[in-house]
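Biologist: I want to learn how to read pockets, cavities and ligand sites. Where do we begin?

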Amino acid sequence: MTHDDAQQFASDNYSGICPEAWAAMAAANSGHAPAYGEDAWTARAADAFRDLFETSCDVFFAFNGTAANALALAALCQSYHSVICADSAHVETDECGAPEFFSNGSKLLTVRTEGGKLTPPAIRALATNRNDIHFPRPRVVTITQPTETGQVYTLAEIRALSDECRQLGLALHMDGSRFANACAGLGCSPADMTWRAGVDVLCFGGTKNGMHAGEAVVFFDAKLAEDFGYRCKQAGQLASKMRFLAAPWVGMLESGAWLRNGAHGNACATRFAAAVAGMAGVRALFPVEANAVFLSLPPAMAEGLRLRGWRFYTFIGGGARFMFGWDAEPQRVDALIADLRLLAVAEAA
Ligand SMILES: *Cc1c(COP(=O)(O)O)cnc(C)c1O
């Protein structure tokens, strides 16, 4: 049995705050500073994003990913519009209707996918299926990078999607709650994976990347960002002590921790997946391209893991999900591998 605070791989949100984000918050915690984003930390964080993306984007800071996604999509839609997404998209399955709520009724149109990836033909089919006044008009495509099951769109795939979007008059939104893992996985620049590939708006996740809280909504087209500040305020997403939502981003981006953290989670996932490949009864459900590993396990093995104190979710992706965060400890990964090996031997016997 493990002690209570032993590391688990059920969710990358089980982790704490990484040293770089923590240090920046501590540095921001000195004296007074103007409220509601008028402070120097907020300006510096927005500049850090512009440096990172090599362009003059507009940046807003929300408390979490649900708000960031919902408000970004609401900014792109009228209430009579619709948003095309994968059936497994977080906006569809895990946001309690927030995108529909904050857009005053824009409908999500889902595409059945394997691994959560949309394709140009699937978008075209859905966007052109109906063009009469009775159906909510498609206006936006949202993709999750990496997907909820850990697949990463290649740059060519994103470009093909954005080309299709342009032809169909659709905007392209990216849910990047694990943006850093995708960047590390592809080994590409943030600019190449977003605006250079035709992404209009990005939600860049800080929480899973090692911050206490916070997602950045990055607009690559200034026109789309018009009035977005009002939207944030109305939705309760304008932090009064904004410096504490902004400073961690300064710590993450200026030090490069964002990318190191993502790469570390990915490396742990890859190592774990390699170690369990070939174990009796164990089968990987999806290719491992970021920090997620989904395993099909015989019921006795899943139960055995739970009895040994391991926690994992089975409601996403139809298998046992293991997520490796910025702080994944190699010894804990090894302990999980060792327990799986023992259970696999028992399974085979
Ligand atoms: C975690 C996550 C989010 C953000 O979730 P919050 O709990 O609202 O911060 C958004 N999209 C995806 C794909 C996620 O995994």
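Modeller: With a definition. A pocket is an open set of grid points with protein on both sides within 12 Å along at least five of seven lines. Keep in mind that this is a predicted model.

Biologist: What volume does the largest pocket have?

Modeller: About 670 Å³. It is lined by 34 residues, and the closest to its centre are His90, Asp94, Glu148, Arg178 and Lys208. Three elements give two or more residues each to this lining: H3, helix H4 (90-93) and strand S5 (171-176).

Biologist: Which element gives the most to the lining of the largest pocket?

Modeller: H3, with three residues.

Biologist: How do the lining residues of the largest pocket divide by class?

Modeller: Into 18 polar, ten charged and six nonpolar residues.

Biologist: Which space does the ligand take?

Modeller: The largest pocket. To read the shell, take each residue with a heavy atom within 4 Å of the ligand. Here the shell includes Asn64, Gly65, Thr66 and Asn69. His90, Glu95, Thr144 and Glu148 are also among the surrounding residues. Asp175, Ser177, Arg178 and Lys208 belong to the shell too.

Biologist: Which helix gives the most to the shell around the ligand?

Modeller: Helix H3 (residues 65-76), with three residues. Now look at class. The shell has seven polar and five charged residues, and no nonpolar ones.

Biologist: How do I read polar contacts to the ligand?

Modeller: Look for pairs of N or O atoms within 3.5 Å. On the protein side, Thr66 has a polar side-chain atom 2.6 Å from a ligand oxygen. Lys208 also places a polar side-chain atom 2.6 Å from an oxygen of the ligand. Gly65 uses its backbone: a polar atom there is 2.9 Å from a ligand oxygen.

Biologist: How much of the ligand does the protein bury?

Modeller: The ligand taken alone exposes 390 Å², and the protein buries 83% of that.

Biologist: And closed spaces? How are they found?

Modeller: Rolling a probe the size of a water molecule over the atoms shows where empty space is left. In a cavity, the probe fits but cannot get out. Searching the whole structure gives one cavity of 30 Å³ or more. The largest cavity has a volume of about 40 Å³.

Biologist: Which residues line the largest cavity?

Modeller: Among them are Asp12, Asn181, Lys208, Asn209 and Asn291. Asn261, Gly262 and Gly265 also line it, as do Phe324, Gly325 and Trp326. Helix H12 (residues 257-276) gives the largest share of this lining, three residues. By class, the cavity lining has seven polar, two nonpolar and two charged residues. Lys208 is worth a second look: this residue lines the cavity and also belongs to the shell around the ligand.

Biologist: Now the backbone. Which peptide bond is cis?

Modeller: The one from Gln145 to Pro146, with omega near -10 degrees. Pro146 sits in the loop between strand S4 (137-144) and helix H7 (155-168).

Biologist: Which residue has a positive phi although it is not a glycine?

Modeller: Tyr36, with phi of about 55 degrees. Find Tyr36 in the loop that joins helix H1 (19-28) and helix H2 (40-53).

Definitions and conventions. Residues are numbered from 1 along each chain as its sequence is written. This is a predicted model: local features need pLDDT of at least 70, side-chain atom pairs count only at pLDDT 80 or more; totals for chains, interfaces and linings use all residues. Side-chain values use heavy atoms; hydrogens and water are left out. A polar contact is a pair of N or O atoms within 3.5 Å; within protein, one must be able to donate a hydrogen and the other to accept it, and residues adjacent in sequence count only if both atoms are side-chain atoms. Accessible areas come from the Shrake-Rupley method with a 1.4 Å probe; for residues, only the protein chains shown count as cover. On a 1 Å grid over the protein atoms alone, a cavity is a set of points where a 1.4 Å probe fits but cannot get out, and a pocket is an open set with protein on both sides within 12 Å along at least five of seven lines; lining residues have an atom within 4 Å of a point. A molecule sits in a cavity or pocket if more than half of its atoms lie within 2 Å of its grid points. Helices (H or I, at least four residues) and strands (E, at least two) are DSSP runs, numbered from the N terminus. Ala, Val, Leu, Ile, Met, Phe, Trp, Tyr, Cys and Pro count as nonpolar, Asp, Glu, Lys and Arg as charged, and the others, Gly among them, as polar. Grid points are joined across faces, edges and corners, and a volume is the space filled by probe spheres set on the points.
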